Amino acid sequence: MNGFVIAKIRGIEIRVNWSVVVIGALVAWSLAENILPEAIEGYRTGEYWTAGVLATIAFFAALVGHEMGHSLVAIKAGVNVEGITLWLFGGVAELDRSPDSPRDALRIAAAGPAVSAVIGVVALLVSIPTAGLIGSTLAWFGFINLLLAAFNLLPAIPMDGGRIYQARLWSKNGNEHEATRKASQLGHRIGGAMVMLGVLEVLLGGTIGGFWLVMVGWFVREAARAELQHAEVDQPLRSIAVSQVMSPDPVRVGAETMITEFILGSLHRGRHASYPVTRGGIVTGLITIRQIQDVEPDARSDTTVGQLAIPLDDVVIVEPDSPVSDLLNELGRRQDRRALVFDQGELVGIVSPSDITRLITVVGLLGHESDQANHPAPTKEIPPCSTK
Ligand SMILES: [Zn+2]
């Protein structure tokens with residue numbers, strides 16, 4: 001999701017999507033022009049607007065607090081957080097993988113609504129003895145946070161309640177895939193029900209709330225569907241090791257090699273699109289055809305492969321025994337979709353986009369065949385791929 005970075009808290013980037021500006025303006029406007037004047041009379045327009053704008057900022061800060069709740073518990077459970085993005089439908093904490101145990105999954109999911117509920121209760125308690133416009137604004141802020149906590153507890157993936165439901169199923173049956181499947185299906189149905197309720201409200205002459213419910217329901221429905229699809233592809237890929245899809249013993253190229261020499265040599269004679277780069281026998285990076293295309297023909301004779309290579313720190317490194325599903329999750333966040341495979345410090349293979357495309361196609365075919373024959377897909381028997 002696109003967004004501009006507004007802060008970095010404990011190493012986690014907080015990004016804001018443009019849609020938040022629109023939503024923020026709407027919230028501030030409805031607070032200043034309707035909600036606050038109706039709650040308490042006798043203030044000037046400027047005062048209502050000041051309270052409305054401050055409450056809107058506090059609302060988004062509380063949303064960040066909610067996502068920080070998920071994030072900090074995730075980090076404690078060993079799951080990295082890529083960042084937090086605020087967008088049209090609230091906040092998203094981007095975790096780099098799913099948690100290892102149902103216990104962790106449940107804690108991560110519950111932490112967000114817990115933060116919102118605590119903020120809500122504290123704000124309401126403070127609002128009771130607070131008089132005037134400040135008291136009314138605090139009351140709204142408390143109420144909206146409690147509403148946020150409650151709404152997020154709906155058992156519909158991708159919402160927190162759906163993740164809690166998934167974690168409980170997982171813990172009960174010990175089958176993560178089956179739990180994700182069931183929870184996503186429920187999310188899909190609840191999303192559909194929200195859309196219908198929203199349409200009904202619009203038809204009965206409802207206001208903006210009906211449209212909003214249709215949009216949120218639609219989003220939940222689509223996200224649940226995407227989660228289900230991801231789980232269906234992810235499951236067979238968990239039983240396949242990286243060593244089964246990598247191209248073993250990739251041809252290496254010395255860092256001192258001139259680009260012209262490299263084009264006439266390895267690139268011309270070989271059939272690969274990327275090559276590990278070595279210096280003194282040690283792998284230091286990766287060079288791809290794409291990078292060479294970017295070099296002006298005149299400059300090719302005085303540029304070395306080493307100058308152009310992607311440094312090893314920026315290349316995805318994976319072990320041969322890791323499941324392909326983990327690698328795909330990692331690659332999904334990168335622009336360059338290739339990885340080097342190291343076994344105890346030794347380069348043993350390379351995984352290219354074509355290896356992955358082929359694997360996903362084969363898994364799809366196997367899944368289809370096994371549906372027809374009604375027996376489990378023999379996913380372990382996929383031969384390693386060496387063609388590019
Ligand atoms: Zn949440």
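Here are legends for three close-up views of this predicted model.

**View 1. The zinc ion and its protein donors.** Here we're looking at the zinc ion, held by NE2 of H66, NE2 of H70 and two OD atoms of D160, at 2.0 to 2.6 Å. Read along the chain, the donors fit the spacing H-x3-H-x89-D. The two histidines, H66 and H70, sit about one helical turn from each other because they are four residues apart in helix α2 (residues 45–76). H66 and H70 are both buried. As for geometry, the arrangement counts as irregular because the angles between the four donor atoms run from 54 to 148 degrees. For comparison, the ideal angle for four tetrahedral donors is 109.5 degrees.

**View 2. T257 in its loop between β6 and α8.** Now we move to T257, found in the loop that links β6 (253–254) to α8 (259–269). Is T257 buried or exposed? With a relative accessibility of 17%, T257 is buried, because the cut-off is under 20%. Its side chain gets to within 2.7 Å of the backbone oxygen of G254. Setting aside neighbours within four places in sequence, T257 also touches F262, T303, T304 and V305.

**View 3. The second largest pocket and its lining.** This pocket holds about 380 Å³ of space. Its lining is made of 19 residues, and those nearest the centre are R97, S325, D326, L327 and N329. Which elements supply at least two residues each? They are β10 (316–318) and α11 (324–332). Of the lining, α11 gives the most, with five residues.

Conventions: Residues numbered from 1 in each chain as written. Predicted model: local features only at pLDDT ≥ 70, side-chain atom pairs only at ≥ 80, totals over all residues. Heavy atoms only, no water. Buried < 20%, exposed > 50% of the residue type's maximum accessible area, 1.4 Å probe, protein only. Polar contact = N/O pair within 3.5 Å; in protein donor to acceptor, adjacent residues only side chain to side chain. Contact = heavy atoms within 4.5 Å. Donors = N, O, S within 2.8 Å, 3.2 Å for Na, K, Ca; no water. Tetrahedral: all angles 85-135°; square planar, octahedral: opposite > 155°, others 65-115°. 1 Å grid on protein atoms, 1.4 Å probe; cavity = no way out; pocket = protein on both sides within 12 Å on 5 of 7 lines; lining within 4 Å. Points joined across faces, edges and corners; volume = space filled by probe spheres on them.
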